[in-house]
Amino acid sequence: MIIGERVKEARINKNYTQEELGDIIGVSKVSICGYETGNRTPTMAMFLKLSDALDVTVDYLLGKELKAVCEEQEDYTVMVSQIDLEIIKELKQYKNLYNRLCSDPKRIVKLINRKMN
């Protein structure tokens, strides 16, 4: 199901409707809906078209994660998804928020969640 979630997220980020994305890659709106809901799996050729149209990598669409190395311990690695890296990149643009998150992540996330609800 991660493929569908990633296709939908990338499509929305590009401000495409299902129909627009379908037109770009040469399939119907129903096919795009099927990819997003997990009822259909794109062919390899379609993955490449989706990747190009949505400006994302095939690895991203497949949910492949990136390896990140902890600075303190060279032998320690953790897998990080591309979307997590994008979130961190965005957060770093807001230095005050980023610093507060670093100082007490659990508390700050709870506060943000409370404000959103």
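The following exercises, each with a worked solution, concern a predicted model of a single protein chain.

**Exercise 1. The chain as a whole**

Task: Determine how many helices and strands the chain has, and in which order the elements run.

Solution. Step 1: the count gives eight helices and two strands. Step 2: read from the N terminus, the order of the elements is α-α-α-α-α-β-β-α-α-α. Step 3: the chain comprises 117 residues, of which 27% are buried. Step 4: the chain exposes about 8600 Å², and carbon and sulfur atoms supply 52% of that area. Step 5: when contacts between residues at least 6 apart in sequence are considered, 40% of them join residues at least 24 apart.

**Exercise 2. The nonpolar core**

Task: Identify which elements give two or more residues to the largest nonpolar core, and which element gives the most.

Solution. Step 1: the largest nonpolar core has 17 residues. Within this core, the residues with the most contacts are Leu-21, Ile-25, Ile-32, Leu-50, Leu-54 and Leu-61. Step 2: two or more residues come from each of helix H1 (2-13), H2, helix H3 (29-37), H4 and H5. Step 3: H4 gives the most, with five residues. Step 4: a general tendency is relevant here, since nonpolar side chains in soluble globular proteins tend to be buried together.

Step 5: Ile-32 may be taken as an example from the core. Apart from neighbours within four places in sequence, Ile-32 is in contact with Arg-11, Gln-18, Leu-21, Gly-22, Ile-25, Val-27 and Leu-50.

**Exercise 3. Helix H3 and its surroundings**

Task: State which residues of H3 are buried, and against which helices they pack.

Solution. Step 1: the buried residues of H3 are Ser-31, Ile-32, Gly-34, Tyr-35 and Glu-36. Step 2: these buried residues pack against H1, H2 and H4. Step 3: just after H3, Gly-38 adopts a positive phi of about 85°.

**Exercise 4. Two salt bridges**

Task: For each of the two salt bridges, establish which residues are paired and whether the partners are buried, partly exposed or exposed.

Solution. Step 1: one salt bridge pairs Glu-36 with Arg-11, and their closest N and O atoms are 2.5 Å apart. Step 2: because Glu-36 belongs to helix H3 and Arg-11 to helix H1, this pair ties together parts that are 25 residues apart in sequence. Step 3: the threshold for a buried residue is under 20% relative accessible area. Glu-36 has 7% relative accessibility and therefore counts as buried. Arg-11, at 9%, is likewise buried.

Step 4: another salt bridge pairs Asp-55 with Lys-14, where the closest N and O atoms are 2.5 Å apart. Step 5: this pair links distant parts of the chain, 41 residues apart, with Asp-55 in the loop between H4 and H5 and Lys-14 in the loop between H1 and H2. Step 6: Asp-55 is exposed because its relative accessibility is 57%, whereas Lys-14, at 30%, counts as partly exposed.

Step 7: the loop that holds Asp-55 runs between helix H4 (44-54) and helix H5 (58-62). Asp-55 also lies 8.1 Å from Ala-10, C-alpha to C-alpha, although the two are 45 residues apart in sequence.

**Exercise 5. The environment of Gln-18**

Task: Decide whether Gln-18 is buried or exposed, and find which side chain makes a polar contact with that of Gln-18.

Solution. Step 1: Gln-18 lies in helix H2 (residues 18-25). Step 2: its relative accessibility is 16%, so Gln-18 counts as buried. Step 3: the side chain of Gln-18 makes a polar contact of 2.8 Å with the side chain of Glu-36. Step 4: not counting residues up to four places away in sequence, Gln-18 touches Arg-11, Lys-29, Ile-32, Cys-33 and Glu-36. Step 5: two of these residues, Arg-11 and Glu-36, are the partners of a salt bridge.

**Exercise 6. A nonpolar patch on the surface**

Task: Name which residues form the nonpolar patch on the surface, and locate Tyr-94 within the chain.

Solution. Step 1: the patch is formed by Tyr-94, Leu-97, Ile-112 and Met-116, which together have about 420 Å² of accessible area. Step 2: Tyr-94 is found in the loop between helix H6 (82-92) and helix H7 (95-103). Step 3: exposed residues have over 50% relative accessible area. Tyr-94 reaches 53% and is therefore exposed.

Technical notes:
Residues numbered from 1 in each chain as written. Predicted model: local features only at pLDDT ≥ 70, side-chain atom pairs only at ≥ 80, totals over all residues. Heavy atoms only, no water. Helix = DSSP H or I, 4+ residues; strand = E, 2+ residues; numbered from the N terminus. Buried < 20%, exposed > 50% of the residue type's maximum accessible area, 1.4 Å probe, protein only. Polar contact = N/O pair within 3.5 Å; in protein donor to acceptor, adjacent residues only side chain to side chain. Contact = heavy atoms within 4.5 Å. Patch = residues over 30% accessible without salt bridge, like charges linked within 9 Å, V, L, I, M, F, W, Y side chains within 5 Å. Areas by Shrake-Rupley, 256 points an atom, 1.4 Å probe, with all protein chains shown as cover. Salt bridge = Lys/Arg side-chain N within 4 Å of Asp/Glu carboxyl O. Core = buried A, V, L, I, M, F, W, Y, C linked by side-chain atoms within 4.5 Å.
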